[in-house]
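User: I'm new to this one, so please keep it relaxed. Pick a single part worth a close look, and show me how it sits in the whole.

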Amino acid sequence: ISSLYLAASASAEFFADIALSPMECCKVRIQTSPTGTFPRTLRGAFPKILAEEGVGGFYKSIVPLWGRQIPYTMMKFACFERTVEALYANVVPKPRAECSKGEQLVVTFAAGYIAGVFCAIVSHPADTLVSYLNKAKGSSIGDAVKVLGWNGLWGGLVPRIFMIGTLTALQWFIYDGVKVQLGLPRPPPPEMPESLKLKLGLVQQ
């Protein structure tokens, strides 16, 4: 069943990145352009890129963006759920049902941080390429890889681990915290529909 959810998250991220790419392009150009050489707002950056490079200018880094966001999203969900299960099975000395709300949120934060570390690692080289391609006009992915080299692709990984780890942990913590405050239970582990089990030959009719 995990493969189905991974496929669903990957396909959702694929289409979401098509909408995200222009915003990412503007953000990187605003952040990396020397002061006075490029607009400092989205309202100014968007039309300038459109006029100078056309629509294609917004999508020249779409492939590495997919390479960053799709593994990130897949890891964010799959690793979090598996880490929660592992913590309750091997670290927490009592079942989840016997844990207080506070204890459950501590497990959520820890699992979210661990998931964030893996998210940062699997998406970091592509994140570096996205930044490079959006500020280096006319460069291809191959050009970027040659210029950056292996060490360049992994430069800045440690601070990004802290950033993404903390961000992901807080996202899951707030998500679960709101559910706890509203008295909403965590859903049971997902199960494959019986019809799909029959189709895949996992059960006998």
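Analyst: Let's start with the whole chain: its radius of gyration is 21 Å, while a compact globule of 205 residues would come in near 17 Å. That radius is taken over C-alpha atoms, and the globule rule is 2.2 Å times the number of residues to the power 0.38. Keep in mind that this is a predicted model, where local features need pLDDT of at least 70, side-chain atom pairs count only at pLDDT 80 or more, and totals for chains, interfaces and linings use all residues. Residues are numbered from 1 along each chain as its sequence is written, and side-chain values use heavy atoms, leaving out hydrogens and water.

The C-alpha trace spans about 60 × 45 × 35 Å along its principal axes. You'll find seven helices and zero strands in the chain; these are DSSP runs numbered from the N terminus, H or I of at least four residues for helices and E of at least two for strands.

Now for the close look, at α5. This helix covers residues 141-153, 13 residues in total, yet its end C-alpha atoms sit only 12 Å apart. A straight helix would reach 18 Å at 1.5 Å a residue, the expected span being 1.5 Å times one less than the number of residues. Look at Val147: a kink of about 60° in α5 is centred there. The bend at a residue is the angle between axes fitted to the seven residues ending there and the seven starting there.

Back in the wider chain, 35% of the 205 residues count as buried, meaning under 20% relative accessible area with a 1.4 Å probe, protein chains only (exposed is over 50%, partly exposed in between).
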